Amino acid sequence: NNYFEFNSEAYQQTSGTAIGTKFATPYACIFMHQIESKFLQTQEFKPLVWFRYIDDIFFIWTHGKDILKRFMNDFNSFHPNLKFTYDSSKESVVFLDLKVDLSNGHLETAMYVKPIDRHQYLHYTSSHPDYTKRSIVFSQALRISRLCSKREDFNSFCFQMKTWFRRRDYPEDLIDTEMKKVKFSPPRKNANTKKSKGIPFVVTFHPLLKGLNKIIKKNMYILNMDNEVKGTFSSEPMVSFRSARKLSSYLV
């Protein structure tokens, strides 16, 4: 009997000097790697595969349910400040935003959405560059493609996501255009790897600066007239907007 296991929500109780949020995640990863490495060395029966993201662990168990319980009891007693909850199934488990099914000896995956998820994407009327809003739709569709191993799941979640974006006032034609750029081709074959070679021109975003690219393109010839400068700007600078101060910045 092959048991398909999911171990989630490792809670670490820390004491002493507080760790800044900047270093909290790397510290947790280093700590968990050390603990799991030492623990697995003490076990006679080990998982078939073991994957961890910070403190969430996915593994496949093939040694029966009784030995699994003993394995988890040993894990929960290995460190005094570390306790795990776990869920196991022979058919289906959830790991982070992924639903994993065991079907005919093969693993199939689909996107998992928590019931409490409100899908609060950036509102379309927010003061952000248009390319940011387009990229949000594209990246979410790309995420679905990477998570789903079956085309029917990909199509179903794309249809749902279109509804979620419409609730945030995204134009339907924009949603359709960006989603059509993503083709169902798992796993991870459709990532956009194109890189711009232009020198970044960084400026704080303002709605009146949306036409900055056109202004640069129109007046690029002025730079090319200077023998010294035209060697520096062999191609048009790439406009990159930094975020303007938000309301929260003024209130907090």
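Visitor: Which residue stands opposite Phe-95?

Guide: This is a predicted model, in which local features need pLDDT of at least 70 and side-chain atom pairs count only at pLDDT 80 or more, while totals for chains, interfaces and linings use all residues. Residues are numbered from 1 along each chain as its sequence is written, and side-chain values use heavy atoms, with hydrogens and water left out. Strand E6 covers residues 98-103 and pairs with E5 in the antiparallel sense over 4 bridges; strands (E, at least two residues) and helices (H or I, at least four) are DSSP runs numbered from the N terminus, and two strands pair if DSSP finds at least two bridges between them. The residue of E6 opposite Phe-95 is Leu-98.

Visitor: Which strands are the edge strands of the open sheet E5-E6-E7?

Guide: The sheet has 3 strands in the order E5-E6-E7, with antiparallel pairing. An edge strand here pairs on one side only, and that holds for E5 (92-95) and E7 (106-111). The edge strands are E5 and E7.

Visitor: At about what angle does helix H3 run to E7?

Guide: Helix H3 spans residues 130-147 and lies across E6 and E7. Axes are lines fitted to C-alpha atoms, for helices over the stretch in contact (heavy atoms within 4.5 Å), and angles run from 0 to 180 degrees between N-to-C directions. The angle between H3 and E7 is about 165°.

Visitor: Why do the buried residues of H5 lie on the same side of that helix?

Guide: Buried means under 20% relative accessible area, exposed over 50% and partly exposed in between, with a 1.4 Å probe and protein chains only. In helix H5 (residues 172-180) the buried residues are Leu-174, Ile-175, Glu-178 and Met-179. They lie on the same side because the arc they cover around the axis, taken from the directions from the helix axis to the C-beta atoms, is only 120°.

Visitor: Which helices do the buried residues of H5 pack against?

Guide: The face of H5 turned away from its buried side carries the exposed residues Asp-173 and Lys-180. The buried residues of H5 pack against H3 and helix H4 (151-167).

Visitor: How far apart in space are Ser-139 and Met-179, C-alpha to C-alpha?

Guide: Ser-139 lies in helix H3 and counts as partly exposed, at 35% relative accessibility. Met-179 is one of the buried residues of H5. The two are 40 residues apart in sequence, and their C-alpha atoms are separated in space by 9.0 Å.
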